[in-house]
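Trainee: I have a new model to read, and I would like to know what stands behind each label we use. Could you take me through it?

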Amino acid sequence: MNRGLRDANGSLSKQNVERIILPQLNAKTKFPKTYSHYLSRMKWFRNQYNMMSTLMRNNSGFGWDPIGKTFTAHEDVWKDYLKDCIGAIDGTHIPASVKGRDVSSYRDRHENISQNVLAACNFDLEFMYVLSGWEGSAHDSKVLSDALARKNGLKVPQGKYYLVDCGFPNRRKFLAPYRGVRYHLQDFAGHGNDPENEKELFNLRHASLRNVIERIFGIFKSRFTIFKSAPPFLFKTQVELVLACAALHNFLRKECRSDEFPVEPTDESSSSSSVLPNYEDNDHEPIVQTQEQEREDANIWRTNIGSDMWRNANN
């Protein structure tokens, strides 16, 4: 377009693409590209643009640092939306090599043999806690319960919380999105797909921030390619290998801020431990509510957050 190849209506014609652009491109690449490749790539860029423009339009005050790979915003914006949120939590499946009678329990819903790894990360793409070694068939919420029950398990400071997806129950320390309401960023992409009510706006902003856990899983698996397939070690070693690589990831994140890795799609323990647990036991809120009371309290809390967001957006 900068070379003046656009038509009068501002678009790129098939003739110009095939006659001028593709020959120059193919001269520099090993694999010749066709007009179909061009259309596919333009569609991908258009989708990316629509998602980002929707995100920016509905998250007034938020920006993106392409070098540090983190959200940016004025301090007042962070205070309003993230003052008590310390990160996101989710599970990911890593291929495992298991022998004996327990093989069936390590078979996940995609029929692959894997270990279910629960991770908590902050918004700077660093692991706060990792629990590895659970069977691939285990539900994420069950793994989280185990992480909370362990002596050196996941600790959530009083008044703070993590973002989780719908696979986890909504709790005061684990804020989940609304079920049965649009959630994923692509659901809001394109003209006319803006949030229509406070629940949709809440889910959009929740998804845009919880995306950090998807990013860290993508970086982790792209950086440590040994997890592309089942490592040829004893299972105990496989479990410990995940923890060791998580610690290495944090070191590299601090010392080398160039994580040029793609986000990989992720699915929605026996022996394990945490990585960098930063919180003291006396910072924790005592469990004094019943599950029903806690669920009701958390739902009211979520409703208030969504109402505040919707009111601010309309103003």
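Trainee: What share of the 315 residues of the chain count as buried?

Mentor: Of the 315 residues, 43% count as buried. The label means under 20% relative accessible area, while exposed means over 50% and partly exposed lies in between (1.4 Å probe, protein chains only). Keep in mind that this is a predicted model: local features need pLDDT (the predictor's confidence in each residue, from 0 to 100) of at least 70, side-chain atom pairs count only at pLDDT 80 or more, and totals for chains, interfaces and linings use all residues. Residues are numbered from 1 along each chain as its sequence is written, and side-chain values use heavy atoms, with hydrogens and water left out.

Trainee: What is the mean pLDDT of the chain, and which elements have the lowest and the highest mean?

Mentor: The chain averages 81, and 80% of its residues reach 70 or more. Among the elements, helix 3 (residues 75-82) has the lowest mean, 58, and strand 4 the highest, 95. Over residues 265-288 the pLDDT is below 50, although that stretch has 66 contacts beyond near neighbours in sequence in the model. Contact here means heavy atoms within 4.5 Å.

Trainee: How many helices and strands does the chain have?

Mentor: Seven helices and seven strands. They are DSSP runs numbered from the N terminus: helices are H or I with at least four residues, strands are E with at least two.

Trainee: What makes strand 4 and strand 5 a pair?

Mentor: Two strands pair if DSSP finds at least two bridges between them. Strand 4 and strand 5 have six, in the antiparallel sense, and A120 stands opposite Y129 in strand 5. The two strands form a hairpin with five residues between them.

Trainee: How many bridges join strand 6 to strand 7?

Mentor: Two, and these strands run parallel. That count satisfies the pairing rule, which asks for at least two bridges. The bridge partner of L163 in strand 7 is L175.

Trainee: Which are the edge strands of the five-stranded sheet?

Mentor: The sheet is open, has mixed pairing and follows the order 5-4-3-6-7. Strand 5 and strand 7 (174-175) are its edges, as each pairs on one side only. Strand 5 is nevertheless mostly covered, with eight of its nine residues buried.

Trainee: Which helices lie on or across these strands, and at what angles to strand 5?

Mentor: Helix 4 (residues 140-149) lies across strands 3, 4, 5 and 7, at about 115° to strand 5. Helix 6 packs on the sheet, touching strands 3, 4 and 5, and its direction makes about 165° with that of strand 5. Axes are lines fitted to C-alpha atoms, for helices over the stretch in contact, and angles run from 0 to 180 degrees between N-to-C directions.

Trainee: What makes a set of residues a nonpolar core?

Mentor: Its members are buried Ala, Val, Leu, Ile, Met, Phe, Trp, Tyr and Cys residues joined through side-chain atoms within 4.5 Å. The largest such core has 31 residues, and F127, V130, L163 and F220 have the most contacts inside it. Helix 5 gives the largest share, nine residues. Apart from it lies another core of 19 residues, including L144 and F168.

Trainee: What does F220 touch, leaving aside neighbours within four places in sequence?

Mentor: F220 is in contact with I94, F127, F227, V242, C245, A246 and H249.

Trainee: Is L125 buried or exposed, and how do you know?

Mentor: Its relative accessible area is 0%, which is under the 20% limit, so L125 is buried. L125 is in the loop between strand 4 and strand 5, and its phi is near 60°, a positive value in a residue other than glycine.

Trainee: What about E111: buried or exposed?

Mentor: At 54%, E111 is over the 50% limit and therefore exposed. E111 is found in the loop between strand 3 and strand 4, and has a positive phi of about 70° although it is not a glycine.

Trainee: Why is R295 called partly exposed?

Mentor: Its relative accessible area is 30%, in between the two limits, so R295 earns the middle label. R295 is found in helix 7 and touches N170 and R171, not counting residues up to four places away in sequence.

Trainee: And why does L5 count as buried?

Mentor: L5 has 16%, which is under 20%, so the label holds. L5 sits in the segment before helix 1 (14-26), and its contacts, not counting residues up to four places away in sequence, are S11, L12, N16, I20 and I21. The C-alpha atoms of L5 and I21 are separated by 9.0 Å.
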